Amino acid sequence: MICGFKQQGLDWVDHLVIGGGLSGLAAAYRASQAGQHVRLIEASERVGGCIQTLAHEGGWLLEAGPHTFPSTALALNALCQAVGCLPQPTQAAAHKRYVAHKGKLVAVPGSLWQGLTTPLLSVKAKAYLLAEPFRARFDARQNPDPAISEWVAHRLGPEVLARFVAPFLSGVYAGDPAQLGIGSVLPGLLELEQTHGSLVRGMINRQLEKIAPKSAQKTLKTDVKTAQKKPKYALLGFANGMQTLTDALANALPAKTMMLGQGAAIITPVAQNESYCVQLESGESIRARQLTLAVPAFETARLLAQCMPTEALEPLSSIPYAAVGVVHVRVPVAALQHALDGFGFLVPKSENTPLLGCIWASALYPNRAPQGQALLSCFVGGVNHPEVNSNTDAALMALILPALAQYLKAPETAFECLRVVRWSRAIPQYSPGHRHRVQQLNQALVAAHPNIALVGNYLHGIALNACVQA
């Protein structure tokens with residue numbers, strides 16, 4: 001195939017980034033900072049991907065995607081500082097979490113005593129949990145990446161799985177613990193168990209490792225004043241919404257770097273993979289020495305069809321995605337008998353509702369709702385209820401209304417739908433063996449095309465921090 005340049009006279013670029021979500025913007029920013037001539041193409045008319053802040057008439061500020069990120073997200077915080085958009089902590093009450101249980105909201109235990117007294121677990125379940133240090137480790141030789149449901153049920157018990165782990169996974173991944181791998185989704189827990197034989201022993205040993213003997217402390221020559229300290233955990237965001245970050249990244253790029261409304265049709269290697277011709281859907285072409293693909297897994301597989309064998313791309317094309325809808329709901333604070341004194345709540349499958357969870361958005365920052373009103377961001381669908389997002393906005397609101405009214409102790413008539421945002425392929429699902437498959441893919445890609453890089457939430461983690469790590 002001949003790589004031609006049409007209309008705008010596009011020349012060679014050092015680095016072409018395909019995809020303008022957070023991962024693509026971060027990759028383009030780093031490349032431009034390194035002195036490369038960069039171009040970023042994005043199929044839609046806006047950058048930011050699932051990060052989108054929507055202003056609604058009447059003084060409402062809605063998040064279509066992520067609301068916050070932790071202070072421990074070092075790569076993300078460094079990126080924020082580099083582009084001059086410093087995040088702000090949420091209100092203190094936002095640290096509290098709830099889980100729906102038998103029609104009521106119960107606070108997630110935050111201490112050992114609360115864990116022993118919580119109504120979320122039976123006496124039998126608490127006894128099983130206390131015996132965790134004496135339980136045999138999971139046989140990783142037979143199955144190095146078991147399903148989370150299998151591993152947690154063995155390690156911590158079926159009630160912990162159903163009432164804590166499963167709601168967490170449905171709220172974060174919109175997924176099912178029976179279809180997600182522990183080594184791919186929660187590798188730290190598996191490592192603790194495999195290394196120390198127990199989660200409890202592992203956490204104790206890690207704490208002991210941090211405590212140096214007094215005699216050894218006297219010999220340390222580290223300058224305490226200049227030593228870097230790990231940031232204290234806090235939930236961060238932006239007063240004007242998460243889009244503050246993606247807008248700042250876009251504005252930090254050199255002029256004419258971004259081409260919006262320009263999707264990539266196909267990638268063709270040129271001159272023994274020394275460069276690549278990327279034909280756009282418009283018919284134009286760009287030739288680049290280096291590519292970064294920052295699009296979903298299925299799009300990446302399609303674009304690489306002329307670069308890699310079909311079997312090598314199978315790990316990409318086979319990654320399933322969960323559909324998620326975000327229903328933004330308004331309600332007068334006076335109508336609620338349950339205080340919005342936390343981040344929100346998660347809903348176990350046993351509650352029999354398509355509602356996955358709810359973020360009390362107006363409890364995070366005061367400017368998200370008008371005075372006297374509350375803003376709720378409700379998440380619906382996921383792998384267990386993929387059909388709900390085909391409903392109309394009114395029908396979707398009707399499905400979750402009984403649960404909202406019951407959990408927050410308010411009349412159904414008090415709630416009003418402001419807006420519904422649908423993501424047909426929202427969150428990649430890390431099925432068992434995902435991490436190994438990604439490693440194999442990366443090895444094959446590096447061997448054949450060292451100048452092509454893959455970034456995105458389908459690789460090493462769906463958290464924002466994982467998406468921007470270099």
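## Helix 5 and its two partners

Let's start where helix 5 meets helix 6: in this predicted model, the two cross in a right-handed sense. Contact between them involves Ile148, Ser149, Val152 and Ala153 on the helix 5 side, and Pro158, Val160, Leu161, Val165 and Leu169 on the helix 6 side. Sorted by class, the residues where helix 5 touches helix 6 are 8 nonpolar and 1 polar, with no charged ones. The angle between helix 5 and helix 6 is about 140°, and their axes lie 8 Å apart. Helix 5 and helix 6 are therefore oblique to each other.

Helix 5 (residues 148–155) also packs on helix 8 (residues 187–196), this time at about 45° and with 12 Å between the axes. That angle makes helix 5 oblique to helix 8. Here the crossing is left-handed. Helix 5 contributes Trp151, His154 and Arg155 to this contact, while helix 8 brings Leu189, Leu190 and Glu193. By class, the contact of helix 5 with helix 8 has 3 nonpolar, 1 polar and 2 charged residues.

## Helix 1 against helix 11

Another helix pair to look for joins helix 1 (residues 22–33) and helix 11 (residues 243–252), which pack at about 30° with axes 9 Å apart. Helix 1 passes helix 11 in a left-handed crossing. From helix 1, the touching residues are Leu22, Leu25, Ala26 and Tyr29; from helix 11, they are Leu245, Thr246, Leu249, Ala250 and Ala252. This contact of helix 1 with helix 11 holds 8 nonpolar residues, 1 polar residue and no charged ones.

## The seven-stranded sheet

Now for the strands. An open sheet of 7 strands runs in the order 8-7-15-16-17-14-18, and its pairing is mixed. At its edges you will find strand 8 (104–107) and strand 18 (416–428), each of which pairs on one side only. From one strand to the next, the twist averages 25°.

Helix 6 (residues 158–172), already met as a partner of helix 5, packs on this sheet as well. Helix 6 touches strand 7 (97–101), strand 15 (344–346), strand 16 (355–360) and strand 18, and its direction makes about 110° with that of strand 15.

Within the sheet, strand 14 (residues 321–332) and strand 17 (residues 373–381) run antiparallel and are joined by 9 bridges. One place to see this pairing is Val326, whose bridge partner in strand 17 is Phe379.

## The three-stranded sheet

A further open sheet has 3 strands in the order 5-9-6, with antiparallel pairing. Strand 5 (69–70) and strand 6 (88–89) each have a single partner strand, so one side of each is left without a neighbour in the sheet. Strand 6 pairs with strand 9 (residues 235–237) over 2 bridges, in the antiparallel sense. Look for Pro89, which stands opposite Leu236 in strand 9.

## The chain as a whole

Stepping back, the protein chain contains 16 helices and 19 strands. Its radius of gyration is 24 Å, close to the 23 Å that the globule rule gives for 470 residues, so the chain is as compact as a globular protein of that length. Measured out along the principal axes, the C-alpha atoms fill a box of roughly 70 × 60 × 50 Å.

Notes. Residues are numbered from 1 along each chain as its sequence is written. This is a predicted model: local features need pLDDT of at least 70, side-chain atom pairs count only at pLDDT 80 or more; totals for chains, interfaces and linings use all residues. Side-chain values use heavy atoms; hydrogens and water are left out. Two strands pair if DSSP finds at least two bridges between them. Helices (H or I, at least four residues) and strands (E, at least two) are DSSP runs, numbered from the N terminus. Axes are lines fitted to C-alpha atoms, for helices over the stretch in contact, and angles run from 0 to 180 degrees between N-to-C directions. Contact means heavy atoms within 4.5 Å. Angles under 35 degrees count as roughly parallel, over 145 as roughly antiparallel, 65 to 115 as roughly perpendicular and the rest as oblique. A crossing is left-handed if the near helix is turned anticlockwise from the far one by less than a right angle, and right-handed if clockwise. Ala, Val, Leu, Ile, Met, Phe, Trp, Tyr, Cys and Pro count as nonpolar, Asp, Glu, Lys and Arg as charged, and the others, Gly among them, as polar. The radius of gyration is taken over C-alpha atoms; the globule rule is 2.2 Å times the number of residues to the power 0.38.
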